[in-house]
Amino acid sequence: MITSVPLLSNDQIHRLPKRAQEVVEYRKSGLSLNHIQGCSLGCAYCIRHTYGLWDANQPVALMSDAQAVEELVNHHYFQPHITPIQLFNRATEPFLPKVRPHTYAVLEDLDERELTNHVLVITRHQLKPDDIGRLNRLHNLKLTLLFTYSGIDNEQIEPYPSHVAADSLKLMSAPTPRRYRTVLYWRPLVPGLNDTDEHLAAARELSNHADATVFTGLFYRDQIAEYYKATGIPEPYEATARRKIMPRELEQRVLEAFSNSAALFRKTSCAVSYVHGLPDYNGHFGIHELCDICPLSQQELCANAHRTPTAQDIHDVASVLPDAGSLQVVDISQRAATVSGLEAEQPRYYLQHTLGFQVHDADHPHHADRHGRADIGWKARQT
Ligand code: SF4
């Protein structure tokens, strides 16, 4: 059993915030495994704020890697070869020196099981030449490395410099052919912070090294805003939001800077699917205005895979879940199915990934032409 970070006792685990105790959690880009928690990099906008884990600045383990993989593959949301997996994307950095052995232990265990699921590993850390060979030996998984790069040089916001991720992306993308894929994960884009013409040009240049690029905004939640206020970091927005914030004007400038790029995406799952030659597993093709920047060959792939489910299809898929008994299908269009009656978001992602079709929550309507982003910075009609 490899345990490079301290293993918590049961008592210590029970004292963690409730959400932090849940090591398998469904998020929009995949089923997320988080049995290692804690990170020393200290990005001010870290999602750890929202899990009550901001003070956890050293990684600890909630269980062994072997147990964690068992929990994942036996989870009621997990489907072999279908469910996209995200590894350590919530509470730690997968390539911190102490976390790295756990990252490999999980990847190699999953691969030995001959699973072909997508696996997303998001990092901003330094990768080394040895990583190329080791990741290339994963034969079955569809592995995508997403390199978080923002170009932010304010050390209060990002104490760990962005150029490390840029260098790692270049290193890991250089070998050809290779089995894993690379994505420039350009985020968070924040007006007034990292959106000068020079910032945009630098990201455009860096994108030449990646198999694809995703650009996205900031998750500006209440807990993150409180931290910004308490530490005197200038607040980027006057209000917080449930979804990521990407103002329209900034998006336009990004599209102009990338007008000669063939692989720019608004959605993580679109880029991850594209780099493996597959249709988007989140079914964004229904929200067709998202696709205007996508390569035509990819649009064709997604169009061919796009099937609008019936209400019965949705109920059939939901019937195996323990937490979807009150599901109601409110509406189905070619864009998306709208459902209600689910107590949490997680079963909705199960439906979405199983059907390859957008499933929205009636309580959180999406807005036309806004690409699932927060209201801040947009004025648009509601659909
Ligand atoms: S065609 Fe649309 S849904 Fe498919 S990958 Fe491109 S942007 Fe995403």
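Start with strand β6, residues 118-123, where 6 of 6 residues are buried. Both of its faces are covered: H118, L120 and I122 are buried on one side, and V119, V121 and T123 are buried on the other. There's a simple pattern behind that split: in a regular strand the side chains alternate between the two faces of the sheet. Keep in mind, as we go on, that this is a predicted model.

From β6 we can step sideways to a neighbour. Strand β5 pairs with β6 in the parallel sense, over 2 bridges. One spot to look at is L120 in β6, which stands opposite Q86. Q86 also has a partner in another strand, since it is the bridge partner of S32. That takes us to β2, because 3 bridges join β2 (residues 30-33) to β5 (residues 85-87), and these two run parallel as well.

Now the direction changes. β2 is joined to β1 by 4 bridges, and this pair runs antiparallel. S32 turns up again here, this time with E25 standing opposite. With 2 residues between them, β1 and β2 form a hairpin. If you're wondering what holds such neighbours together, strands of a sheet pair through backbone hydrogen bonds, either parallel or antiparallel.

Time to zoom out to the whole sheet. It is an open sheet of 8 strands with mixed pairing, and the order runs β1-β2-β5-β6-β7-β8-β9-β10. Its edge strands are β1 (24-27) and β10 (264-265), each of which pairs on one side only. At the β10 end, the partner is β9 (residues 212-215), and the two pair in the parallel sense over 2 bridges. You can find V214 opposite F265 there.

Next, a couple of helices. In α3 (residues 65-73), the buried residues are D65, A68, V69, L72 and V73. Which side of α3 do they sit on? They share the same side, because they cover an arc of only 125° around the axis. Among the elements covering these buried residues are the two hairpin strands β1 and β2, along with helix α4 (100-112).

Helix α7 (residues 197-207) gives us another case to look at, with L200, A203, L206 and S207 buried. Looking down the axis of α7, you'd see these buried residues fall within an arc of 125°, so they line one face of the helix. The face turned away from that buried side carries exposed residues: D197, E198, A201 and E205. What covers the buried residues of α7 includes three strands of the sheet, β7 (142-149), β8 (181-186) and β9, plus the helices α6 (162-173) and α9.

So far we've stayed with strands and helices, but the chain also has a coarser division, into domain 1 (10-278) and domain 2 (280-383). Taken over C-alpha atoms, the centres of these domains are separated by 22 Å. Where they meet, 33 residues of domain 1 are in contact with 24 residues of domain 2. On the domain 1 side, β1, α9 (248-257), β10 and α10 each supply at least two of the residues that touch domain 2. The largest share, 4 residues, comes from α10. By class, this side of domain 1 has 17 nonpolar, 7 polar and 9 charged residues.

Helix α10 matters for the next stop too, which is the ligand. Both α10 (268-275) and α11 (296-305) supply at least two residues each to the shell around the ligand. Each of domain 1 and domain 2 gives at least three residues to that shell. Which of the 13 residues around the ligand come nearest? They are C270, H284, C291, C294 and C302. The shell as a whole divides into 7 nonpolar, 4 polar and 2 charged residues.

Last, follow the chain past α11 to the loop between α11 and α12 (311-318), where you'll find T308. Is T308 buried or exposed? The answer lies in between: T308 is partly exposed, because 15 other C-beta atoms lie within 10 Å. Leaving aside residues up to four places away in sequence, T308 touches I332, Q334 and F357. Q223 is 85 residues from T308 along the chain, and their C-alpha atoms are separated by 38 Å.

Methods:
Residues are numbered from 1 along each chain as its sequence is written. This is a predicted model: local features need pLDDT of at least 70, side-chain atom pairs count only at pLDDT 80 or more; totals for chains, interfaces and linings use all residues. A residue is near a molecule or strand if its C-beta atom, placed from the backbone, lies within 6 Å of it. Ala, Val, Leu, Ile, Met, Phe, Trp, Tyr, Cys and Pro count as nonpolar, Asp, Glu, Lys and Arg as charged, and the others, Gly among them, as polar. Domain bounds come from an automatic or database domain assignment. A residue is buried if 20 or more other C-beta atoms lie within 10 Å of its own, exposed if 12 or fewer, and partly exposed in between; C-beta atoms are placed from the backbone. The arc is that of the directions from the helix axis to the C-beta atoms. Two residues are in contact if their C-beta atoms, placed from the backbone, lie within 7 Å.
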